[in-house]
Amino acid sequence: MMDRAETMRRVAVIGVGHSTFGVRGDVTLQELAWEAIAEALKDAGLTQKDIEVSVVGVVGTREYELMPAVPVNDYAGLTHVGPIRVEAACATGLAALTTAHNYVASGMADIALAVGVEKMTEVDTATSLAVGGRAGNYLWEFHFVGTTMPAQYALYASAHMARFGTTEEHMALVAVKNHRHAARNPKAHFQYEVTVEEVLGSRPVAWPIKLLDSSPISDGAAAAVLASEDAVRRLGVDVPVWVSGIGYSSETPNMVRRPHYVGLEATVRAAAMAYKRAGISPTDVEVAEVHDAFTIAEIMAYEDLGFVEKGMGGKFVAEGQSDLGGKVSVNVSGGLKGKGHPLAATGLSMVYEIVKQLREERERGRQAPLKRYVGLAHNVAGIGHQAYVVVLRR
Amino acid sequence: MSEKRTVKRQGPTIDSIPLIYRHKIPISKTHRFWQGLAEGRIRATRCGTCGSIYFPPQDDCPRCMASGLEWVDLPKRGTIEAFTKVYARPQGYEHFDPYIVAIVGVGDARIIGWLMGVEDERNVRVGMDVEVDVVEVGPGKLVPVFRPA
Ligand SMILES: CC(C)(COP(=O)(O)OP(=O)(O)OC[C@H]1O[C@@H](n2cnc3c(N)ncnc32)[C@H](O)[C@@H]1OP(=O)(O)O)[C@@H](O)C(=O)NCCC(=O)NCCS
Ligand SMILES: [Zn+2]
């Protein structure tokens, strides 16, 4: 199965776009998607006429429009080239990238566009928490015990703390780091810094997760234009960023059937597949955007992605190894925590950031130092229901 | 704290027509579970062919393609493996006080339920032994619950 990947064509990201994330009560879903699509087309130096297939990623469980992909595509002037609608809960963004990649890699298209868009703030918080909690295993969990996304991650946090001595302070350090980066990102939901004391003193959401350990409820969109090697040459793209390995996996949605609560097996498997296909090891990764929906999720991601051994994630952040310029610069965009987490937009927002990083287009204070030019994006659905890992190289 | 710069753009809005979903969930294949719950039992299924235990219970065994699995009662004592206290409550649970959710290992299975008889979640420990029960926490709402053993 793995070998077949070698018969596929190489694919590069040649344009990226990103809306401002946050509470975007000023725009509809399609207007928001357009902000990202327009920027991505401009960045690639292309127009809609050049796009052969459009992949629209949207979770679409909080929106008033129940079939959003076609309206999004139509608003952007892409009516006759798709859309292929993709949904993988919070991992929809990288699922959309994977789908667009496969169109190009297989030869079905030379140039493809992937957009991820979500409007989450049109309904109230209790509704949003219910939609998240109901997703993935309504009957045997939410129906009885009213679990939410924060609660599911909190269950993992309790086990990680008990097993490895991970502390609330370790988790707070993730928030402090990611807010520091978000403060420098003009497209982030929260553009301010927080202190460890503020995180520890913030109100509880689902113990031990507090407000400042949580990603927010956000609106946003992000997009990428992908092209074959032929198209890259034909268009004379200056700095193509190559999709060098994609991995994906899933895990039982029944939390009570999971083997343990200290890591996400879907991430472990997706990462192994992506590293193998890219021909790299975790120590090659220099800059990574990981799925920090809650601070414990980033600590588990360090471990599950192989940046550090299982159980040492708290120490990893405390030692500054995930800081800008550390062993791996993690979530230099601000992450889901600081930049915001508009579900389907998140994976493509990660790709946007990694592409900008690998092109070395970021200003001082946010540009990761690079030698090997290897970046990684890690996008998770639910509490590890699905995971996608994408390795990008310049 | 530095100035809290947050992206919060509001504009004029109109209200959508509300849409209310109320699903009818088929329980024919898990009827014995729901019956057991009303009697204070938590039941799993066991495949007579390959021995697999299923909780949540299911009537079909994808491992060996058998159907019509047997029902077994799970033990009423177990150990906490993970827990949290839910403060930010979802729609449908707003009228409950913050509740402690725990995952508890019972014999060969694990179940999820509410931990009762403990106020402060900081007094809960992974590894704590608990007894399992079923409690009606609201009209017709039966929940597996745990109490410190
Ligand atoms: C944590 C959560 C419940 C807070 O929601 P809330 O209590 O309704 O908060 P509000 O929207 O009323 O915001 C109140 C204030 O807190 C701020 N705030 C909200 N969420 C925040 C967060 N996660 N981090 C920091 N500040 C936050 C708001 O900006 C607002 O600030 P202001 O008073 O200065 O304007 C909500 O953000 C949430 O559910 N997050 C998780 C989302 C999720 O599960 N995503 C999927 C994960 S895979
Ligand atoms: Zn069987």
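Modeller: A residue is called buried when its relative accessible area is under 20%, exposed when that value is over 50%, and partly exposed in between. The structure is a predicted model, and every value discussed here is computed from it.

Biologist: How do you know whether B:Trp34 is buried or exposed?

Modeller: The relative accessible area of B:Trp34 is 18%, and buried requires a value under 20%, so B:Trp34 is classed as buried.

Biologist: B:Trp34 also forms a ring pair with A:Phe144; what makes that pair stacked rather than edge-to-face?

Modeller: Rings count as a pair if their centres lie within 6.5 Å, and as stacked if their planes are under 30 degrees apart. The centres of A:Phe144 and B:Trp34 are 5.5 Å apart and the planes meet at 15 degrees, so both conditions are met and the pair is stacked. The pair crosses between chains, running from helix H5 (residues 138-145) of chain A, which holds A:Phe144, to helix H1 (residues 31-38) of chain B, which holds B:Trp34. A:Phe144 has a relative accessibility of 4% and therefore counts as buried.

Biologist: Why is the aromatic pair of B:Tyr93 and B:Tyr99 called tilted?

Modeller: Tilted is the class for planes that are neither under 30 degrees nor over 60 degrees apart. For B:Tyr93 and B:Tyr99 the angle between the planes is 50 degrees, with 5.6 Å from centre to centre, so the pair falls within the distance limit of 6.5 Å and between the two angular limits. Both B:Tyr93 and B:Tyr99 are buried, and ring pairs link these two tyrosines with A:Tyr138, A:Phe142, B:Phe96 and B:Trp114 into a cluster. Over all chains, a search of the whole structure finds 20 aromatic pairs.

Biologist: What makes you say that A:Arg10 lies over the face of A:Trp242?

Modeller: For an arginine, the CZ atom must be within 6 Å of the ring centre and within 35 degrees of the ring normal. A:Arg10 is placed over the face of A:Trp242 at 4.0 Å from the ring centre, and A:Arg394 over the face of A:Tyr373 at 5.0 Å.

Biologist: How do you know that the length of helix H14 (residues 343-358) of chain A agrees with what its 16 residues should span?

Modeller: The expected span is 1.5 Å times one less than the number of residues, which for H14(A) comes to 22 Å, and the end C-alpha atoms are 24 Å apart, so the two values agree. As 16 of the 16 residues of H14(A) are buried, the helix is described as largely enclosed by the rest of the structure. Just after H14(A), A:Glu360 takes a positive phi of about 55 degrees.

Biologist: Why is a positive phi worth pointing out?

Modeller: Most residues other than glycine have a negative phi, so a positive value departs from what most of them show. B:Met65 has a phi near 70 degrees and lies in the loop between S4 and strand S5 (66-67) of chain B. Its relative accessibility is 72%, over the 50% limit, so B:Met65 counts as exposed. A:Ala89 has a phi near 45 degrees, in the loop between strand S4 (84-86) and helix H3 (92-105) of chain A; its relative accessibility of 25% is neither under 20% nor over 50%, so A:Ala89 counts as partly exposed.

Biologist: What makes the bond from B:Phe55 to B:Pro56 cis?

Modeller: Omega of that bond is near -5 degrees, and B:Pro56 sits in the loop between strand S3 (53-54) and strand S4 (60-61) of chain B. Another cis peptide bond joins A:Trp207 and A:Pro208, with omega about 0 degrees.

Biologist: How do you know how the radius of gyration of chain B stands against that of a compact globule?

Modeller: A compact globule of 149 residues would have a radius near 15 Å, but chain B has 20 Å. The C-alpha atoms of chain B fill a box of roughly 65 × 40 × 30 Å along the principal axes, and 42% of its residues count as buried. Chain B holds 1 helix and 11 strands.

Biologist: Why does B:Gly36, in that helix H1 of chain B, count as buried?

Modeller: Its relative accessible area is 0%, which is under the 20% limit, so B:Gly36 is buried. Apart from its neighbours within four places in sequence, B:Gly36 is in contact with B:Arg41 and B:Arg43.

Key. Residues numbered from 1 in each chain as written. Chains lettered and ligands numbered in written order. Predicted model: local features only at pLDDT ≥ 70, side-chain atom pairs only at ≥ 80, totals over all residues. Heavy atoms only, no water. Phe/Tyr/Trp six-rings, centres within 6.5 Å; stacked < 30°, edge-to-face > 60°. Helix = DSSP H or I, 4+ residues; strand = E, 2+ residues; numbered from the N terminus. Buried < 20%, exposed > 50% of the residue type's maximum accessible area, 1.4 Å probe, protein only. Rg over C-alpha atoms; globule rule 2.2 N^0.38 Å. Contact = heavy atoms within 4.5 Å.
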